[in-house]
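Welcome! Let's look at how a few descriptive words are earned.

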Amino acid sequence: MDSQTKTENCLGWAATDPTGVLSPYKFSRRPLGSDDVSIKITHCGVCYADVIWSRNMLGDSIYPLVPGHEIAGIVKEVGSNVQGIKVGDHVGVGTYVNSCRNCEYCNDGIEVQCVKGPVFTFNHIDVDGTVTKGGYSSHIVVHERYCFKIPSNYPLASAAPLLCAGITVYTPMMRYNMNQPGKSLGVIGLGGLGHMAVKFGKAFGLSVTVLSTSTSKKEEALSLLGADNFIVTSDQEQVKGLSKSLDFIIDTASGDHPFDPYWSLLKSAGVYALVGFPSEIKFSPASLNMGMKTFAGSVTGGTKMIQEMISFCAARKIYPQIEVIPIQYANEALERLVKKDVKYRFVIDIENTLK
């Protein structure tokens with residue numbers, strides 16, 4: 001029988017003002033609906049989006065704000081209409097928890113592009129008028145459509161970063177055919193997203209080159225992540241040596257950076273996919289037109305592709321590089337994230353530390 005009253009109080013950590021400082025906070029999740037799944041959260045990845053909205057960097061934060069949209073956990077209750085998910089299943093929740101479910105994009109399983117806009121997992125207004133609250137919390141209630149099955153042999157701590165960092169690079173790689181064995185891929189930025197692009201590239205059978213502004217991550221890129229090549233982009237000789245050699249580039253950098261130098265690395269008809277958010281994009285039209293190249297933007301992915309990616313990672317034993325932390329370390333983790341002092345994704349152990 002569906003719940004008719006509010007669920008038990010939910011314990012979370014929330015920011016209460018633009019300082020972004022997180023502290024314990026109690027609130028109520030919505031009652032379980034007939035199509036809903038109630039999930040005990042065991043782990044939540046830490047994304048730069050948590051910094052942005054906790055600190056009101058875009059001016060639209062709604063306080064108290066519970067961040068977190070890389071959620072993994074265990075199903076504790078299901079609504080009467082739920083068919084594909086059962087109590088005890090390992091599941092994940094990503095960057096959005098609702099959409100119109102009627103537009104052409106929702107019908108194609110690309111809900112993140114919903115005409116009316118997806119409802120994001122935190123700091124967004126849901127269809128019932130409530131403000132969504134994220135995964136820095138003990139449990140969450142979501143419609144089954146936005147809940148993804150995680151194989152029981154895949155660690156939940158490792159699964160959490162797949163729900164944002166993983167799918168954000170997997171989506172354009174699949175959409176623009178960056179999965180052809182023998183082709184070459186350049187990866188700009190070796191953080192939470194970039195290191196997953198390297199892992200996917202290697203799993204697809206690509207020759208992967210990391211493009212970085214410094215040598216600090218060279219050894220890890222080559223030995224730990226398995227990249228085939230590492231280029232310091234400030235070294236003009238190295239850059240010239242890579243001219244017209246890449247079939248694809250995936251750019252995960254959100255800091256402002258020049259684009260034209262990277263265009264010279266692409267072969268004719270090459271694809272440049274941007275998943276970062278620099279403040280502006282500038283490049284010469286000739287860089288695009290003369291080589292019949294493609295410039296594409298992308299964010300996360302639809303429900304079909306998210307489930308596909310999780311299954312792919314489980315089958316190929318692809319795991320993010322993570323640092324598991326207690327919830328009490330969340331503020332320090334956000335500071336370290338701002339300083340890019342993480343290799344390569346913080347994951348909060350919600351189950352054992354949120355009390």
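Two strands pair if DSSP finds at least two bridges between them, and strands (E, at least two residues) and helices (H or I, at least four) are DSSP runs numbered from the N terminus. This is a predicted model, where local features need pLDDT of at least 70, side-chain atom pairs count only at pLDDT 80 or more, and totals for chains, interfaces and linings use all residues. Residues are numbered from 1 along each chain as its sequence is written, and side-chain values use heavy atoms, leaving out hydrogens and water.

Q: How do you know that strand S11 and S12 pair?
A: Strand S11 (residues 207-212) and S12 share four bridges in the parallel sense, and pairing asks for at least two. One partnership joins Thr 209 to Asn 229 in S12.

Q: What makes S12 and S15 edge strands?
A: Strand S12 (229-232) and strand S15 (294-297) each pair on one side only. The open sheet has six strands in the order S12-S11-S10-S13-S14-S15.

Q: Why is Asp 349 called buried?
A: Buried means under 20% relative accessible area (exposed is over 50%, partly exposed in between; 1.4 Å probe, protein chains only). Asp 349 has 14% relative accessibility, so Asp 349 counts as buried. This residue is found in strand S17 (residues 345-349).

Q: Why is H4 described as roughly perpendicular to H10?
A: The axes, lines fitted to C-alpha atoms over the stretch in contact, give angles from 0 to 180 degrees between N-to-C directions. Helix H4 (residues 165-175) and helix H10 (residues 303-316) cross at roughly 105°, their axes coming within 10 Å. Angles of 65 to 115 degrees count as roughly perpendicular (under 35 roughly parallel, over 145 roughly antiparallel, the rest oblique), so H4 is roughly perpendicular to H10.
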